[in-house]
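Reader: I'm new to this one and would like a close look at a single part. Could you pick a place where two pieces meet, walk me through it, and then work outwards from there?

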Amino acid sequence: MRVLVGYASGFGATAEVAKVIGQVLGEKHAVAVHPLGEVRSLEGYEAVVIGTSLRANRWLGGVSRFLSRFRHDLAKRPVALFCVCLTARTVEGGRRIVGESLPRLLARYPEIKPIAVEAFGGVLHFDKYNPLVRAVMRRAAAEEGLPTSGFVDYRDWETIRRWAAEVGGKLAQAETSGGEA
Ligand SMILES: Cc1cc2nc3c(=O)[nH]c(=O)nc-3n(C[C@H](O)[C@H](O)[C@H](O)COP(=O)(O)O)c2cc1C
């Protein structure tokens with residue numbers, strides 16, 4: 001299948017996850033990985049994997065724009081969704097994002113029914129933030145008992161690769177059964 005992995009990323013953490021997911025999907029499919037904002041058309045793609053980080057419990061604006069623009073095209077293709085955020089650094093937090101936050105955000109697009117939804121732990125990268133964001137994130141991190149400076153990476157690459165392989169398998173199945181995932 002020709003698969004688009006499109007992502008929205010503020011400071012690069014989700015972009016790196018999207019690239020690894022693209023590599024794994026590439027074992028079974030023809031994959032292109034692009035920022036969502038650069039996607040002009042879904043023509044030529046038979047499936048779409050969408051990735052975003054979370055800010056203030058919402059996905060990045062590029063995702064809303066992408067879903068609104070391509071909602072009808074997406075309704076005809078298998079879609080998978082992943083998010084990268086601090087809450088998902090714990091199993092319980094990840095469940096909350098997958099079970100509550102993402103369904104709430106997806107509710108505005110009822111025609112899009114993802115074949116897979118997952119949340120992965122994210123990154124704190126204080127050196128990349130401007131002073132205002134750094135202050136906000138320091139406070140948020142301190143409240144959670146997390147480090148308040150430097151680079152902290154909660155991404156679990158094994159889990160990410162395993163999910164990508166599962167999605168790749170589902171898409172291969174959809175291909176052989178004529179489109180239904
Ligand atoms: C301004 C800001 C707000 C954030 N808000 C949330 C949040 O509401 N929930 C959460 O779980 N993570 C939150 N995070 C953590 C990010 O989702 C995490 O750092 C992620 O790895 C960022 O990925 P990116 O570099 O692709 O944007 C926030 C990060 C920033 C910088």
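Author: Let's start where H1 and H5 touch. From H1 come Val17, Val20, Ile21, Val24 and Leu25, and they meet Trp157, Ile160, Arg161, Ala164, Ala165, Val167 and Gly168 of H5. Sort the residues of this contact by character and you get 10 nonpolar, one polar and one charged. Keep in mind that you're looking at a predicted model.

How do the two helices lie against each other? H1 covers residues 13-25 and H5 covers residues 157-176. Their axes are 9 Å apart, and the helices pack at an angle of about 45°. Angles of 65 to 115 degrees would count as roughly perpendicular and those under 35 as roughly parallel, so H1 and H5 are oblique to each other. As for the sense of the crossing, H1 over H5 is right-handed.

Now follow H5 along to alanine 174, which also belongs to that helix. Alanine 174 has 18 other C-beta atoms within 10 Å, so it's partly exposed. In sequence, alanine 174 and alanine 47 are 127 residues apart, yet from C-alpha to C-alpha they are 9.8 Å apart in space.

Back at the H1 side, Leu25 has another partner. Valine 31 touches Leu25, along with Val3, Val5, Gly22 and Gly26, leaving aside residues up to four places away in sequence. Valine 31 sits in strand S2, residues 30-35. Is it buried or exposed? It has 22 C-beta neighbours inside 10 Å, so valine 31 counts as buried. For a sense of distance, take valine 84: it is 53 residues from valine 31 along the chain, and their C-alpha atoms are separated by 20 Å.

H1 also has a part in the surroundings of the ligand. At least two residues of the shell come from each of these elements: H1, strand S3 (47-55), strand S5 (79-85), strand S7 (123-125) and helix H4 (131-143). There are 21 residues around the ligand, and the ones that come nearest are Gly10, Thr14, Ser53, Cys85 and Gly122. By character, the shell divides into 12 nonpolar, eight polar and one charged.

S3 takes us on to a loop, the one between S3 and strand S4 (58-59), where you'll find alanine 56. Asparagine 57 is in the loop between S3 and S4 too. What is phi at alanine 56? It's near 50°, a positive value in a residue other than glycine. Asparagine 57 has a positive phi as well, near 65°, and it isn't a glycine either. Alanine 56 has 5 other C-beta atoms within 10 Å, so it's exposed. For asparagine 57 that number is 12, and it is therefore exposed too, since the class takes in residues with 12 or fewer.

One last stop links that loop to another helix. Leucine 105 and asparagine 57 are 48 residues apart along the chain, while their C-alpha atoms are separated by 9.5 Å. Leucine 105 is part of helix H3, residues 91-106. Not counting residues up to four places away in sequence, leucine 105 touches Arg58 and Trp59. Leucine 105 has 20 other C-beta atoms within 10 Å, so it is buried: the class begins at 20.

Note on methods:
Residues numbered from 1 in each chain as written. Predicted model: local features only at pLDDT ≥ 70, side-chain atom pairs only at ≥ 80, totals over all residues. Axes fitted to C-alpha atoms, helices over the stretch in contact; angles between N-to-C directions. Helix = DSSP H or I, 4+ residues; strand = E, 2+ residues; numbered from the N terminus. Parallel < 35°, antiparallel > 145°, perpendicular 65-115°, else oblique. Left-handed = near helix turned anticlockwise from the far one by under 90°. Contact = placed C-beta atoms within 7 Å. Nonpolar A, V, L, I, M, F, W, Y, C, P; charged D, E, K, R; others polar. Near = placed C-beta within 6 Å.
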